[in-house]
Amino acid sequence: MPTIKEELDRRQLLYSLLMPVMNLYVKGLDKGKGLYFLFVKSETKTPGGLLARPVLTSYYKSEHFKTRPYDPFNVYTSPNEAILCADSFQSMYTQMLCGLYESEQVLRVGAVFASGLLRAIRFLQLNWPQLTHDIRTGSLNTKVTDPAIQECMAQVLRPDPDLADFIAKECAKENWKGIITTIWPNTKYLDVIVTGAMAQYIPTLDYYSGGLPLACTMYASSECYFGLNLTPMSKPSQVSYTIMPNMAYFEFLPHGPNSSKHARKLVDLADVEIGKEYELVITTYSGLCRYRVGDILRVTGFYNSAPQFHFVRRKNVLLSIDSDKTDEAELQKAVENASQILQEFNTSVVEYTSYADTNTIPGHYVMYWELLVKDPTNFPNEKVLSQCCLVMEESLNSVYRQCRVADNSIGPLEIRVVKSGTFEELMDYAISRGASINQYKVPRCVTFTPVMELLDSRVISVHFSPSLPHWTPERRR
């Protein structure tokens, strides 16, 4: 996406408003630090010689970030040298080590997306023996070779056997429920985006944090920063973002069953109506002109004259075999409904993706599920997981169910349960191909052959819907 230097000033303005808003709801945030897992990616050059890099890398490498003035509300445990290290292991290791050293000072824990924070927890699960060794001895892992990190960590490292023993004792436990508040006991909330596709991470975050509040502070994309959440401690399902009209020129394309595709006219920011849904269209200072972002928003109210929006979903359809069209929100709801069955087994779906398998006749939906099993002695059996397939089908739209029942043009939905850690491998693969660790999102639909081969190589059980979902010609839902 094109950008200009002055755009950083506008984005810095939005960042500067986040903590004053948060301070209205959570007091004392100037008395401690934030443990944020932030990352950069190496730059590349376009054929024309322009610098190309992720938007957050651009911000972290700017003077706005590197030489930011001291602000007691925005003190991080992670040193700039760790954030600016392009090696993801060295960066994560150093940020986690610093966060552990200052565990008593941490008042909030966060990342850009919920998936990034869960990746950090997984990193701690895999590397706590080395981390505690470093804390016990006051030394730095030999895998951390970045000179800038080594120099800054020389000021941080100190032998602390008591802290090392405590962390080792807690991390060695099989049950990691509430591990965030155990290791960082003064944490008041988690600062992560859990709206839209990230909503499926909420149960896992609740598990690891012991139910800490989840703060979704801002709404932004690579194209443009849009606005902020003026009630950041509200439940994720109730989050509304207030558009900042100085960030771009905003227009809205009416969206919904009553919006004719050919008769739709763009609506200005001041003319949107409460309760209606719109597709966001932006014209930016950086050169995008009437660009369709692809987000569907619902107007929930106004702050003074600025409209407030609830993020509904991405516009793009994910799955289609015949005349059916399943979007991200519908798929998310189907997974949520099916995962209810797993609750009595103390099991939850921590990650999922899908694809439309057209190699079979008829084609069918395939779901890859990674499960968090909190009681290995009570693992859901074949019958239960097959029932999950049927519940998902019952949750899908009437066109899908008609294709299944009346037309026989779609086969039974399939769930493939994969090994724990599979989706972390998927993220590692994406990063190895150039994805940004900071902005990575698990794709809700996959078509790339190497990715599907990776997923299929990790499958531990396969389950199909045991019967047809309910459908009648009269049913319209």
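# Briefing: hairpin, sheet and helix contacts

Strand 13 and strand 14 form a hairpin with 2 residues between them. Asn 304 sits in that turn and has a positive phi of about 55°. The model is predicted. The points below cover the strands around this hairpin, an open sheet, a helix pair, helix 13 and two buried residues.

**The hairpin and its neighbour**

- Strand 13 covers residues 291-303, and strand 14 covers residues 306-314.
- The two hairpin strands, 13 and 14, are antiparallel and share 8 bridges.
- One of these pairings sets Gly 301 against Gln 308 in strand 14.
- Strand 13 also pairs with strand 12 (residues 277-283), again in the antiparallel sense, over 5 bridges.
- There, Ile 296 in strand 13 stands opposite Glu 279.

**The open sheet, strands 17 to 20**

- This sheet is open and has 4 strands, in the order 17-18-19-20, with mixed pairing.
- Strand 17 (347-357) and strand 20 (459-464) are the edge strands. Each has a single partner strand, so one side of each has no neighbour in the sheet.
- On average, neighbouring strands of this sheet are turned by 25° against each other, direction ignored.
- Strand 17 runs antiparallel to strand 18 (residues 364-373), and 10 bridges join them.
- Within strand 18, Tyr 368 is the bridge partner of Thr 353.
- In a regular strand, side chains alternate between the two faces of the sheet.

**Helix 14 against helix 15**

- Helix 14 spans residues 422-432 and helix 15 spans residues 449-457. Their axes come within 10 Å and cross at roughly 155°.
- Angles over 145 degrees count as roughly antiparallel, so helix 14 is roughly antiparallel to helix 15.
- The crossing of helix 14 and helix 15 is right-handed.
- Helix 14 brings Thr 422, Phe 423, Glu 425, Leu 426 and Tyr 429 to the contact. Helix 15 meets them with Pro 450, Val 451, Leu 454 and Leu 455.
- An α-helix has 3.6 residues a turn, so residues three or four places apart point the same way.

**Helix 13**

- Helix 13 runs over residues 398-405. Its buried residues are Ser 398, Tyr 400, Arg 401, Cys 403 and Arg 404.
- These buried residues pack against strand 18 and helix 12 (382-395).
- Asn 397 acts at the start of helix 13: a side-chain oxygen of Asn 397 reaches to within 3.1 Å of the backbone nitrogen of Val 399.

**Thr 187, a buried loop residue**

- Thr 187 is in the loop between helix 9 (179-183) and strand 5 (189-193).
- Buried means under 20% relative accessible area. Thr 187 has 7%, so Thr 187 is buried.
- Beyond residues up to four places away in sequence, Thr 187 touches Val 106, Leu 107, Arg 108, Val 109, Ile 180 and Leu 212.
- A polar atom of the Thr 187 side chain lies 2.7 Å from the backbone oxygen of Trp 184.
- Pro 213 is 26 residues from Thr 187 in sequence. The C-alpha to C-alpha distance between Thr 187 and Pro 213 is 10.0 Å.

**Gln 332, a buried helix residue**

- Gln 332 belongs to helix 11 (residues 328-339).
- Gln 332 has a relative accessible area of 9%, so Gln 332 is buried as well.
- The side chains of Gln 332 and Tyr 352 make a polar contact at 2.8 Å.

Terms used
Residues are numbered from 1 along each chain as its sequence is written. This is a predicted model: local features need pLDDT of at least 70, side-chain atom pairs count only at pLDDT 80 or more; totals for chains, interfaces and linings use all residues. Side-chain values use heavy atoms; hydrogens and water are left out. Buried means under 20% relative accessible area, exposed over 50%, partly exposed in between (1.4 Å probe, protein chains only). A polar contact is a pair of N or O atoms within 3.5 Å; within protein, one must be able to donate a hydrogen and the other to accept it, and residues adjacent in sequence count only if both atoms are side-chain atoms. Two strands pair if DSSP finds at least two bridges between them. Axes are lines fitted to C-alpha atoms, for helices over the stretch in contact, and angles run from 0 to 180 degrees between N-to-C directions. Angles under 35 degrees count as roughly parallel, over 145 as roughly antiparallel, 65 to 115 as roughly perpendicular and the rest as oblique. A crossing is left-handed if the near helix is turned anticlockwise from the far one by less than a right angle, and right-handed if clockwise. Contact means heavy atoms within 4.5 Å.
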